[in-house]
Amino acid sequence: MIVTVNGKEHQYDGDPAMPLLWYVRDVLGLTGSKFGCGSGLCGACTMHLDGKSVRSCVLPVQAAEGLTVVTIEGLDPDGDHPAQKAWREHNVPQCGYCQAGQIMQAASLLAENNTPTDKQITEHMSGNLCRCGCYQRIEAAVKSAAIEQASKGA
Ligand code: FES
Ligand code: FES
């Protein structure tokens, strides 16, 4: 099967049931997406499949066949997606482990809605856990990113 990750097509002939996260990290060597719970519960492994955020630890690689996968490495070539800029501005990360997943989750919200309400932000981000408790800074950063995204007319 062909799996397209960050704009690059890859031929994959291994086990189609292998989690997408394993494929991305272990086969392609893109280690920005993290393994947390392995059960779809924490969001550390969040990446985009055709623009929607997915839990790649519980998604078989087969589910990505013919679709487009984007990981934190492919979100913006310069690391300047509005969410990434806002994350730097608000100095969000503590240990950093959950942050790639948080940013990918935020980016999928902003792609559909660049004027989210506080409630929409809380709901959309609620499945992404942060052991360090950076939730206030995460929310503030999503709000800033939404303003920037809206100003770009995106
Ligand atoms: S590692 Fe995938 S949701 Fe926790
Ligand atoms: S910054 Fe440490 S888990 Fe979120």
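Between them, domain 1 and domain 2 bury about 1,000 Å², with 49% of that area on carbon and sulfur atoms. This is a predicted model, so please hear every value as computed from that prediction. The domain assignment of the protein chain places domain 1 at 2-70 and domain 2 at 82-153. On the contact itself, domain 1 contributes 16 residues and domain 2 contributes 11 residues. If you take the centres of the two domains over C-alpha atoms, they are 21 Å apart.

Now to the helices. I will go through three pairs, and α3 is in each of them.

Start with helix α2, residues 82-89, against α3. Their axes come within 9 Å and cross at roughly 130°. That angle makes α2 oblique to α3. The crossing of this pair is right-handed. Which residues make the contact? On the α2 side they are Ala83, Gln84 and Trp87, and on the α3 side Gln99, Gln102, Ile103 and Ala106. Sorted by class, the contact of α2 with α3 holds four nonpolar residues, three polar ones and no charged ones.

Next is α3 with helix α4, which covers residues 118-125. Here the axes come within 10 Å, and the crossing is at roughly 135°. Because oblique still covers angles above 115 degrees that are not over 145, α3 is oblique to α4. Again the crossing is right-handed. From α3, the contact uses Gln102, Gln105, Ala106, Ser108 and Leu109; from α4, it uses Ile121, His124 and Met125. How do the residues of this contact divide by class? There are four nonpolar, four polar and no charged residues where α3 meets α4.

The last pair is helix α3, residues 99-112, with helix α5, residues 135-151. These two pack at an angle of about 40°, and their axes are 10 Å apart. That makes α3 oblique to α5. The handedness for α3 and α5 is right-handed. In α3, the residues involved are Gln102, Ala106, Leu109, Leu110 and Ala111. They meet Ile138, Val142, Ala145, Ala146 and Gln149 in α5. The contact of α3 with α5 divides into eight nonpolar residues, two polar and no charged.

To put the pairs side by side, look at α3 on your screen. Gln102 and Ala106 appear in the contact with α2, in the contact with α4 and in the contact with α5. Leu109 is listed in the contact with α4 and also in the one with α5. As for charge, there are no charged residues in the contact with α2, none in the contact with α4 and none in the contact with α5.

Definitions and conventions: Residues numbered from 1 in each chain as written. Chains lettered and ligands numbered in written order. Predicted model: local features only at pLDDT ≥ 70, side-chain atom pairs only at ≥ 80, totals over all residues. Heavy atoms only, no water. Axes fitted to C-alpha atoms, helices over the stretch in contact; angles between N-to-C directions. Helix = DSSP H or I, 4+ residues; strand = E, 2+ residues; numbered from the N terminus. Parallel < 35°, antiparallel > 145°, perpendicular 65-115°, else oblique. Left-handed = near helix turned anticlockwise from the far one by under 90°. Contact = heavy atoms within 4.5 Å. Nonpolar A, V, L, I, M, F, W, Y, C, P; charged D, E, K, R; others polar. Domains from an automatic or database assignment. Buried area = accessible area lost by both parts, 1.4 Å probe.
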